[in-house]
Amino acid sequence: MVYTDEAMEFINSLPTKAKEKVAYNISKSMVIPDSELFKKLEGTEIWEFRTLYDGIQYRMLAFWDTEQETVVVATHGFIKKTQKTPAKEIARAEAMRRAYFNDKKQNRI
């Protein structure tokens, strides 16, 4: 798993127990396929890591890079306040995905 700086900033900003639960759910989703923890957002190439802790919905968005070794790249995180994932968060993750592959194509990664 690769984390962007924004993803790490989000994780580091969380309260300790929430941070531990997010880390646990991410590691669990890598071993056990569970759509309650890691789910593809419809109509996109973006996936959502899902954590519910103490009544708060923590989300991290990510995408797959399967060109060499399979890698999941976490773009950023946010606290989800509505039932639907905000379009601006999906657009942000998609922009980061495009930039990642553009940088990779130009050998900047």
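1. Asp103 belongs to helix H3, which runs over residues 87-105 of this predicted model. Its relative accessibility is 26%, so Asp103 counts as partly exposed, since that value falls between the 20% limit for buried and the 50% limit for exposed residues. Apart from neighbours within four places in sequence, Asp103 is in contact with Arg108 and Ile109. The C-alpha atom of Asp103 is separated by 29 Å from that of Leu14, a residue 89 places away along the chain.

2. Leu14 leads to the interior of the model. Leu14 is among the residues with the most contacts inside the largest nonpolar core, together with Phe10, Val22, Phe49, Tyr58 and Met60; this core has 14 residues. Two or more residues of this core come from each of helix H1 (5-13), helix H2 (16-31), strand E4 (56-65) and strand E5 (71-80). A second core, separate from this one, has ten residues, including Leu61, Val71, Val73 and Ile90.

3. Tyr58 merits individual attention. Not counting residues up to four places away in sequence, Tyr58 touches Phe10, Leu14, Val22 and Phe49, and also Pro15, Ala18, Arg50, Thr51, Tyr53, Phe78 and Ile79.

4. Helix H2 has 16 residues, and the distance from its first C-alpha to its last is 23 Å, close to the 22 Å expected at 1.5 Å a residue. Which residues of H2 are buried? They are Ala18, Val22, Asn25, Ile26 and Ser29. These residues lie on the same side of H2, because they cover an arc of only 100 degrees around the axis. The general background is that an α-helix has 3.6 residues a turn, so residues three or four places apart point the same way.

5. The two faces of H2 may be considered in turn. The buried residues of H2 pack against strand E1 (2-3), strand E2 (38-40), strand E3 (47-53) and E4. On the face turned away from the buried side, H2 carries the exposed residues Thr16, Lys17 and Val31.

6. Glu89 is placed in helix H3. Is Glu89 buried or exposed? Its relative accessible area is 10%, and Glu89 is therefore buried. The side chains of Glu89 and His76 are joined by a polar contact of 2.8 Å. Once neighbours within four places in sequence are left aside, the contacts of Glu89 are Leu61, His76 and Phe78.

7. His76, the polar partner of Glu89, lies in strand E5. With a relative accessible area of 1%, His76 is buried. The side chain of His76 also makes a polar contact of 2.9 Å with the side chain of Thr75. Leaving aside neighbours within four places in sequence, His76 is in contact with Thr4, Glu6, Ala7, Arg59, Met60, Leu61, Glu89, Arg92, Ala93 and Met96. Of these, Met60 is listed among the residues with the most contacts in the largest nonpolar core, while Leu61 is included in the second core.

8. A final point concerns the backbone at Asp54, a residue in the loop between E3 and E4. Asp54 has a positive phi of about 55 degrees although it is not a glycine. By way of context, most residues other than glycine have a negative phi. Asp54 has a relative accessible area of 68% and is therefore exposed.

How values were computed
Residues are numbered from 1 along each chain as its sequence is written. This is a predicted model: local features need pLDDT of at least 70, side-chain atom pairs count only at pLDDT 80 or more; totals for chains, interfaces and linings use all residues. Side-chain values use heavy atoms; hydrogens and water are left out. Helices (H or I, at least four residues) and strands (E, at least two) are DSSP runs, numbered from the N terminus. Buried means under 20% relative accessible area, exposed over 50%, partly exposed in between (1.4 Å probe, protein chains only). Contact means heavy atoms within 4.5 Å. A nonpolar core is a set of buried Ala, Val, Leu, Ile, Met, Phe, Trp, Tyr and Cys residues joined through side-chain atoms within 4.5 Å. The expected span of a helix is 1.5 Å times one less than its number of residues. The arc is that of the directions from the helix axis to the C-beta atoms. A polar contact is a pair of N or O atoms within 3.5 Å; within protein, one must be able to donate a hydrogen and the other to accept it, and residues adjacent in sequence count only if both atoms are side-chain atoms.
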